[in-house]
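Here's a set of exercises to work through with the model open in your viewer. Try each task before you read its solution.

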Amino acid sequence: MDVSFILDSLNDAQREAVCSPAGSLLVLAGAGSGKTRVLTHRVAWVVQACGVSPLSILAVTFTNKAAQEMRGRIEHMLGYPMRGMWMGTFHSIAHRLLRAHWHEAGLEQGFQILDSDDQLRMIKRTLKELNLDEGYWPPKQIQWYINGHKEEGRRSKHVLDTIDTQQRELLRIYRAYEELCDRFALVDFSELLLRAFELIKNNEPLRVRYQQRFQHILVDEFQDTNAIQYEWLKLFAAAHKNIFIVGDDDQSIYGWRGARVENILQFEKDFPGTMVIRLEQNYRSTANILNIANAVIDQNQSRLGKNLWTHDEEGEPVRLYVAYNEIDEARFVVDRIQSWLDQGNLRSETAILYRSNAQSRVFEEVLLQAAIPYRVYGGLRFFERAEIKDALAYMRLVASRQDDPSFERIVNVPARGIGNRTLEQTRDYARVNQVSLWDAARALVHTKELSSRAISSLSLFLDLIEQLASLLEGKTLADQVEQTLHHSGLLAHFAKEKGEKAQTRVENLEELITAARNYDHDEEDGTDTLSAFLSHAALESGEGQAEEWEDCVQLMSLHSAKGLEFPLVFLTGLEEGLFPHQRSLQEPGRLEEERRLCYVGMTRAMKLLYISYAEVRHLYGRETYGSPSRFLGEIPDEMLVEVRSSGPGTRDRFSFANAREDNGGSVQLGKQVRHSSFGEGIVLSVEGRGEHTRVQVNFESVGNKWLVLAYANLEIL
DNA sequence: GGGTTAACCTTTTTT
DNA sequence: AGGTTAACCC
């Protein structure tokens, strides 16, 4: 059979990886070196040239979106569907295993998935049961603690006991949380991984079955795997040891949430004879862009070492814009986007990247003024929105009356007179009698423990759910959603609220009906369509829901930009404290991660890259004065061209220019000055005018200080 | 029980 | 600044 079409478009290194013999293979793939290409072609090769059945392939990706895309590409290449191939995130694969073997995993058939929001609620409830104060035991930190342990493969019984009372208490909370989840058949995200791991590890027949089945395992974004995920891979690959991993240590940017770059190093030890292939030819960026990115990443000590190169031309120089403040920065960016568009280019070809999501606001405002359509990534995704979660909670409760998190969520949404007092009593009853909230409520309406008012509200709610249940029977999924929205009163509730937000909420709810209508579920795993849809909603946050196919400018954080590319990129906010972020300077290793983030940002650019920073920035409602990011200092001067705003002089730019001359030229950038108490220093920047003029001085003794010129009494040397 | 104001806390994100 | 949560009054 002719398989040359799989190899034709590849370079030597790519081809070597794609048709390497079975065994363990590590592909160190630099940014833009065709990583996805290698993975998809490898699958195609294994199937088409080696005659391996898709059934024997397990491919793991970082996001659901990546999995979908990759599957699509393979099917497009081969021209037939990859039926039976397992391709998805670690979580979706774990979920699949647990649904198929719920009994062996010690679960109930209808187990529900807790997303992080639900998990937080469960933790709060655990704290309440233990009579602990949320102020002293922040639920967020408990969540961090529990997930941290689970992701390292440790249950509460594995955590070593200490004499530290704080630690012991945390452990007690962890244990109580586990019990609560078990009691109500709830599985959080890290539990999916841990439980599926234990299932395969401890159940011999299943282990043998899956180890035999998955003859070829492929992993994308390996640098982002955590401990339990890596253990997973080792377990599944144990029989055939055919494992093909692709990763880039220089793009490891999720260390803060447990990802281990070290897994890459460990891999070669755990799989002796691993073949390592480096993909160093970059097909994305111009030489100028690549040089700058290389210069920055080269500052990192802990690297496996890799040098990206390109055949591409030098291209335009990378440009730096020093903005007066964040508004000036945004105006500059939008101005450049405008001229990009004037040259007949697309809006969707440009991206504005920033370190933290809060920075998007100013860009949005300026883009809005300029009437340029844009899209902001990040923030709440579709299935995470409150109104959507409310609607799903109704459906969950209908599906299982024992679902306490759902009960709590919607018992009084929309408000129906069931307040904290009543709820508290219901919770107490449930705790004492070890029953679900639903059963507790049913019991309570027949006692005299509640006020008559509370009893009537509560029974009205119970009836509502029962009615809804019979109403939904036998209906299609979309009809079920629609009925739920109307009958629960949710739609009416949000419709009568005023404001833009309420409008979007109603639209979102309507979109949920569409999502249900479009949801197609293959019945092969034995679950009914409703519960499959509910799991889908928890597992897949619905990034692209109701995506409008409009050509727009892309705004996103550096983290969400990973894996993407754009002809024109703006890397903004390069200020010490913001990027690298303040919080990254405390912990060891975090600074290098910030630098990798910078590298990721730069390597997103194909043709043009602009870097900018603001001298003054409004942050947390205050004016902050940051010095230029250290990453800028790591770029050789000749690689970076400083530019001025090209527009007909924005107002802010003008005042900035004035400010520099306004103090009679006495205090200027670079001047040596002396302060009565701080001693000698050099002027780093000047800002404001007249009596408001402020200067930033780097003093030999105390470092950088901002001073009001009028009071500082600086002596010019 | 429900609506209203005062303190609080700010990275990054997927599942 | 902005958004959320906790205390507070009707």
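The exercises below deal with a predicted model, and each comes with a worked solution.

**Exercise 1. Two helices**

Task: Compare the end-to-end reach of H3 with the span expected at 1.5 Å a residue, then work out how enclosed H3 is.

Solution:
- Start with the length: H3 covers residues 35-48, which makes 14 residues.
- At 1.5 Å a residue that should span 20 Å, and the end C-alpha atoms are indeed 20 Å apart, so the two values agree.
- Next, go through the residues for burial, where the cut-off is under 20% relative accessible area. The buried ones are Lys35, Val38, Leu39, Thr40, His41, Arg42, Val43, Ala44, Trp45, Val46, Val47 and Gln48.
- That's 12 of 14 residues buried, so H3 is largely enclosed by the rest of the structure.

Task: Do the length check for H23, and find which helices its buried residues pack against.

Solution:
- H23 runs over residues 500-518, and its 19 residues reach 27 Å from first C-alpha to last, close to the expected 27 Å.
- Now pick out the buried residues: Ala502, Val506, Asn508, Leu509, Glu511, Leu512, Ile513, Ala515 and Ala516.
- Look at what these residues pack against, and you get helices H16 (386-399), H21 (477-488), H22 (490-496) and H24 (529-539).

**Exercise 2. The nonpolar cores**

Task: Which residues have the most contacts inside the largest nonpolar core, and which helix gives that core its largest share?

Solution:
- The largest nonpolar core has 51 residues, and Phe407, Phe461 and Leu512 have the most contacts inside it.
- Helix H20 (residues 452-472) brings the largest share of this core, 10 residues.
- Zoom in on Phe407: leaving out neighbours within four places in sequence, it is in contact with Leu397, Leu423, Leu437, Trp438, Ala441 and Phe461.
- Don't stop there, as a second, separate core has 43 residues, including Leu28, Leu235, Phe271 and Leu539.

**Exercise 3. Phe189 and its surroundings**

Task: Place Phe189 in the fold, decide whether Phe189 is buried, partly exposed or exposed, and list what Phe189 touches.

Solution:
- Phe189 sits in helix H9 (residues 189-202).
- Its relative accessible area is 25%, so Phe189 counts as partly exposed.
- Not counting residues up to four places away in sequence, Phe189 touches His91, Ile113, Leu114, Asp115, Ser116, Ala538 and Leu539.
- One of those neighbours leads to the DNA: a polar side-chain atom of Ser116 lies 3.1 Å from a base oxygen of DNA strand B.

**Exercise 4. The two DNA strands**

Task: Describe the protein surface near DNA strand B, then pick out polar contacts to its phosphates.

Solution:
- Strand B is surrounded by 29 residues, with Arg355, Arg381, Arg421, Thr422 and Ser557 the closest.
- Sort the surface by class and you get 6 nonpolar, 17 polar and 6 charged residues.
- H18 (420-433) and H25 (558-561) each supply at least two residues, and H18 gives the most, with 3.
- For the phosphates, a polar backbone atom of Arg421 is 2.8 Å from a phosphate oxygen, while a polar side-chain atom of Ser557 lies 2.3 Å from one.
- Of the strand B atoms within 4 Å of the protein, 55% belong to sugar or phosphate and the rest to bases.

Task: Which residues lie around DNA strand C?

Solution:
- They are Glu134, Arg361, Tyr620 and Gly621, dividing into 1 nonpolar, 1 polar and 2 charged.
- An N or O atom in the side chain of Arg361 is 3.3 Å from a phosphate oxygen of strand C.
- Of the strand C atoms within 4 Å of the protein, 27% belong to sugar or phosphate, and the rest to bases.

**Exercise 5. Backbone oddities**

Task: Locate the cis peptide bonds that lead into Pro414 and Pro580.

Solution:
- The Val413 to Pro414 bond is cis, with omega near -5°, and Pro414 is in the loop between H17 (404-410) and H18.
- The bond joining Phe579 and Pro580 is cis with omega about 5°, and Pro580 is in the loop between strand S13 (566-571) and helix H26 (590-602).

Task: Ala185 and Ala371 both have positive phi; is each one buried or exposed?

Solution:
- Ala185 has phi near 55° and lies in the loop between H8 (165-183) and S5 (186-188). Its relative accessible area is 7%, so Ala185 is buried.
- Ala371 has phi of about 60° and lies in the loop between H15 (360-369) and S11 (374-376). At 63% relative accessible area, Ala371 is exposed.

Notes
Residues numbered from 1 in each chain as written. Chains lettered and ligands numbered in written order. Predicted model: local features only at pLDDT ≥ 70, side-chain atom pairs only at ≥ 80, totals over all residues. Heavy atoms only, no water. Helix = DSSP H or I, 4+ residues; strand = E, 2+ residues; numbered from the N terminus. Expected span 1.5 Å × (residues − 1). Buried < 20%, exposed > 50% of the residue type's maximum accessible area, 1.4 Å probe, protein only. Contact = heavy atoms within 4.5 Å. Near = heavy atom within 4 Å. Polar contact = N/O pair within 3.5 Å; in protein donor to acceptor, adjacent residues only side chain to side chain. Nonpolar A, V, L, I, M, F, W, Y, C, P; charged D, E, K, R; others polar. Core = buried A, V, L, I, M, F, W, Y, C linked by side-chain atoms within 4.5 Å.
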